[in-house]
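Here is a quick tour of one model, from a helix to a ligand site and a loop. Have the structure open while you read.

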Amino acid sequence: MVHELRGPRRRLVETLQANGIRDLSVLRAFDEVPRHLFVPTGVRHRAYEDAAQPIGSGQTISQPSIHAMYLDVLQLTGKERVLEIGTGSGFQTALLARLAAQVFTIERVPALMDRAKEVLRSLHVNNVSYLVGDGTIGWREYAPYDAILVGAGSPGVPQPLVDQLAIGGRLLCPVGDRTKQDVVLVTRDIGGTRTTVIADARFVPLVGTHGWIDEPTA
Ligand code: SAH
C-alpha cells in the first residue's frame with residue numbers, strides 16, 4: 001500500500017520543486033511519505049494534487065505546497081524538538097517525524113487524532129507524542145521547542161506558544177480572520193522576538209483559549 005501511487009507522488013514532488021522548494025530533505029520526505037493513506041478513501045485518487053482535501057469533522061488536510069513552504073522555512077536538521085498544533089490528518093506530523101528528532105502534536109478533535117495516530121503507527125513512526133486538547137496553550141511539560149508549527153488560522157499568535165519557543169527557535173502561525181491569513185514567522189533570540197510575514201494562506205480556524213473562542217458559523 002505504501003508503494004502505491006509512486007508516479008503521482010513523484011509528479012507532486014516535481015511540482016513542489018518547480019514552485020521553489022529547494023530543501024532536498026523536504027522533497028525527499030514528500031517522496032517517501034504516502035499522502036494517500038492520510039486522506040479518506042473517497043478522495044484518495046486526488047491525494048497527490050496540490051490541493052487541500054476534506055478529512056472529516058469539518059477539517060481539511062492542508063495543501064502540500066503549504067506544508068512544503070513551512071518545512072522549507074524551518075530548515076530542520078534532524079536534531080530539533082518540534083511542537084505541532086493541529087495534527088489533523090497526521091500527514092505533516094509524518095513529514096516532521098522524518099525531519100526532526102522528536103515531534104509533539106496536539107489536536108482538539110479526538111476522532112481526527114485517533115485516525116492520525118492509527119496511520120502513523122501503521123507506518124512505524126515512533127518519535128511522536130500525541131495530545132488531545134487545546135493547542136493554543138501549548139504543551140508546557142516538554143517546552144522549550146526549537147520549532148512550533150500552527151496549522152490553523154488564528155486572530156493573533158498565541159502568547160503561550162511564543163513563551164514555549166527556545167532561544168534560536170522559530171514559530172510559524174497563520175494570523176488573520178477566519179477565512180484568510182498571513183503566515184507569520186516568529187524567531188526568538190537572546191534579545192527577544194522578531195516577527196515577519198512570509199506568505200498569505202487560507203487555513204481552517206484555530207479554536208481555543210488563545211485563538212477563536214468558538215466554532216465558525218456557516
Ligand atoms: N496539518 C494538518 C492541518 C489540519 S487542519 C493536516 O494537513 O492534516 C487544522 C487542524 O487544527 C484541524 O484538525 C483542527 O481540528 C485543528 N485545531 C483547530 N484548533 C485547534 C486547537 N486549539 N488545538 C489543536 N488543534 C486545533
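Helices here are DSSP runs of H or I with at least four residues, numbered from the N terminus. Keep in mind that this is a predicted model.

## Helix α5 and its two sides

Let's start with helix α5, which takes in residues 110–122. At 1.5 Å a residue, its 13 residues should span 18 Å, and the end C-alpha atoms are indeed 18 Å apart, so the expected and modelled spans agree. Right after α5 comes His124, with a positive phi near 60 degrees.

Which residues of α5 are buried? They are Leu112, Met113, Ala116, Val119 and Leu120. These residues cover an arc of only 135 degrees around the axis, so they sit on the same side of α5. The general rule behind such patterns is that an α-helix has 3.6 residues a turn, so residues three or four places apart point the same way. Over on the other side of α5, Glu118 and Arg121 are exposed.

What do the buried residues of α5 pack against? Their partners are the strands β1 (53–56), β2 (59–61), β4 (102–107) and β5 (128–132), along with helix α4 (91–99).

## Helix α3, mostly covered

Helix α3 (residues 64–74) is mostly covered, with 10 of its 11 residues buried. Among them are Pro64, Ile66, His67, Met69, Tyr70 and Asp72. Just past the end of α3, Gln75 has a positive phi of about 50 degrees.

## Around the ligand

The ligand has 25 residues around it, and those that come nearest are Ser62, Ser89, Glu107, Gly135 and Val207. Two side chains reach oxygen atoms of the ligand: an N or O atom in the side chain of Ser89 is 2.7 Å from one, and a polar side-chain atom of Glu107 lies 2.6 Å from one. With Val207 it's the backbone that takes part, as one of its polar backbone atoms is 2.7 Å from a nitrogen atom of the ligand. On its own, the ligand has 570 Å² of accessible area, and the protein covers 99% of that.

## His36 in its loop

Last stop: His36, found in the loop between α2 (24–32) and β1. Is His36 buried or exposed? Its relative accessible area is 0%, so His36 counts as buried, the cut-off being under 20%.

The side chain of His36 also makes a polar contact with the side chain of Tyr48, at 2.8 Å. Arg46 is 10 residues from His36 along the chain, and their C-alpha atoms are separated by 8.1 Å.

Conventions
Residues numbered from 1 in each chain as written. Predicted model: local features only at pLDDT ≥ 70, side-chain atom pairs only at ≥ 80, totals over all residues. Heavy atoms only, no water. Helix = DSSP H or I, 4+ residues; strand = E, 2+ residues; numbered from the N terminus. Expected span 1.5 Å × (residues − 1). Buried < 20%, exposed > 50% of the residue type's maximum accessible area, 1.4 Å probe, protein only. Arc of directions from axis to C-beta. Contact = heavy atoms within 4.5 Å. Near = heavy atom within 4 Å. Polar contact = N/O pair within 3.5 Å; in protein donor to acceptor, adjacent residues only side chain to side chain. Areas by Shrake-Rupley, 256 points an atom, 1.4 Å probe, with all protein chains shown as cover.
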